[in-house]
Amino acid sequence: MQDANTQQPSSRPRQKKDIHNYSHKELVTLFQELGQPAFRAKQVEEWVWEKNATSFSQMSNLPKSLRAVLEENLTLGGTEELVKQISQDGSRKYLLRYPDGVSVECVGMPTRGKLAVCASSQAGCPMGCAFCATGASGFTRNLTAGEIYEQVMHVRDDFDTRVTSVVLMGQGEPFMNYDAVLSALRKLNSPEGAGIGARHLTVSTCGVIPMIKRFANEPEQFTLAVSLHSAVQRTRDMLMPGVKKYSLLHLYDVMGEYVDKTGRRPTYEYALIKGVNDTEEELASLCDFCRDNLAHVNLIQLNDVKGSKFQPSTEARAQEFVRRLANVGVEATIRNSRGSDIDAACGQLKQNVERMTH
Ligand code: SAH
Ligand code: SF4
């Protein structure tokens with residue numbers, strides 16, 4: 001994952017606009033200006049969003065002259081697959097590069113006729129969590145809605161099957177790129193796009209409170225996961241310095257409002273770190289945080305991060321967390337890593353995709 005943000009010099013002579021970033025209205029105007037009938041916008045959108053065309057020449061129901069004009073002035077994103085790793089368990093990890101040289105990871109995980117995709121929302125991440133490889137590598141830039149969407153379609157086309165769920169648990173903090181993320185989710189949800197049910201589209205946030213409030217007011221039934229990792233303020237401040245300004249007390253209140261407003265059960269992610277957030281005090285605080293709330297706790301086995309001082313907790317300790325949470329009426333699950341034969345840095349993605357989708 002550390003290599004994912006390496007900037008490469010652009011090989012393109014000039015920056016053309018990516019057609020994925022045109023709204024329907026903008027496309028209608030564009031075709032009007034080109035003297036084309038109104039239905040062209042719909043035809044082109046079908047190629048872009050449903051068929052994931054990679055070149056304008058594929059758009060066989062458009063006049064050749066129009067395809068040439070589009071080719072001359074626009075791009076279809078132009079994502080390039082730099083690396084693909086295939087695990088023995090069938091999951092595939094990709095490193096994709098955008099035309100400006102920025103690259104991100106995404107993962108496809110097939111299980112029992114389903115295909116879950118884990119996508120990135122930013123190249124790098126500005127939040128700097130102490131246990132996270134992406135956090136350690138810094139922030140490069142936000143992704144556009146089209147770039148987020150394209151990751152999912154890339155995986156779909158590689159597996160040649162429908163994507164049944166998406167989690168934004170790759171690189172980046174989705175709520176630091178809210179508008180692009182929402183717009184990508186809407187396209188993924190739309191029958192004219194990938195047609196994935198809103199409940200099967202999950203955003204994972206480190207807890208950017210103003211955006212949790214905003215998310216609660218969105219009309220769609222998208223799913224929310226919050227990376228908690230500690231219910232003790234000083235521990236959380238140390239592990240997750242990027243959200244220090246949002247206290248746990250405030251997070252607790254806002255999540256209560258989220259549940260009241262949406263009626264949906266949020267997931268709390270908790271990567272167990274030996275001697276740091278798996279002590280008695282930590283367990284008691286976690287139980288207090290969750291006990292009277294609608295909550296599901298995902299106990300994550302900490303993935304190794306190069307140069308990190310943190311060690312994963314023991315299996316027995318994880319079981320104890322499950323038992324004690326159950327005692328206060330909170331459901332918790334543990335999932336162990338799969339696919340250790342492919343790049344271990346990706347374990348973070350894979351493990352979380354599994355947890356959110358099975
Ligand atoms: N920025 C968002 C989403 C991307 S991270 C967030 O933090 O929620 C996806 C998940 O992987 C988060 O729950 C994150 O805390 C977790 N994670 C990061 N580093 C990890 C590691 N080394 N081991 C296990 N989980 C990790
Ligand atoms: Fe960013 Fe999430 Fe990693 Fe924290 S855990 S640094 S918010 S990607």
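Helices in this description are DSSP runs of at least four residues, numbered from the N terminus. In the predicted model analysed here, R291 and D288 both belong to helix α10, where they stand 3 residues apart, about one turn of the helix. Their side chains form a salt bridge in which the closest N and O atoms are 2.7 Å apart. R291 is partly exposed, with a relative accessible area of 37%, and D288, at 44%, is likewise assigned to the partly exposed class.

Helix α10, which spans residues 280-291, also takes part in a contact with helix α8, residues 233-239, through E281 and R234 respectively. The salt bridge between these two side chains has an N to O distance of 2.9 Å, and because E281 lies in helix α10 and R234 in helix α8, the pair ties together parts that are 47 residues apart in sequence. With a relative accessible area of 40%, E281 is partly exposed, whereas R234 reaches 56% and counts as exposed.

A further salt bridge, with an N to O distance of 3.1 Å, joins R317 to E280. Since R317 is located in helix α11 (residues 315-327) and E280 in helix α10, this pair ties together parts that are 37 residues apart in sequence. The accessibility of R317 is 19%, and this residue therefore counts as buried, the limit for that class being under 20% relative accessible area. E280, by contrast, is partly exposed at 43%. Both residues belong to a network of salt bridges that links E280, R317, E320, R323 and R324. Over the structure, the count of salt bridges comes to 17.

With regard to the cysteines, the structure holds 0 disulfides. C290 is in no disulfide, and the nearest cysteine sulfur, that of C287, is 7.5 Å away; a disulfide would require the two sulfur atoms to lie within 2.5 Å, so this separation does not qualify. C290 is buried, with a relative accessible area of 0%. C129 counts as buried as well, its relative accessibility being 14%.

C129 is also one of the residues that surround ligand 2, the full set being C125, M127, G128, C129, C132, G135, G172, E173 and C206. Sorted by class, this shell contains 5 nonpolar, 3 polar and 1 charged residues. The charged residue is E173, because Glu counts as charged, while the glycines of the shell, among them G128, fall into the polar class.

Key
Residues are numbered from 1 along each chain as its sequence is written. Chains are lettered from A and ligands numbered from 1 in the order in which they are written. This is a predicted model: local features need pLDDT of at least 70, side-chain atom pairs count only at pLDDT 80 or more; totals for chains, interfaces and linings use all residues. Side-chain values use heavy atoms; hydrogens and water are left out. Buried means under 20% relative accessible area, exposed over 50%, partly exposed in between (1.4 Å probe, protein chains only). A residue is near a molecule or strand if one of its heavy atoms lies within 4 Å of it. A salt bridge is a side-chain nitrogen of Lys or Arg within 4 Å of a carboxyl oxygen of Asp or Glu. Helices (H or I, at least four residues) and strands (E, at least two) are DSSP runs, numbered from the N terminus.
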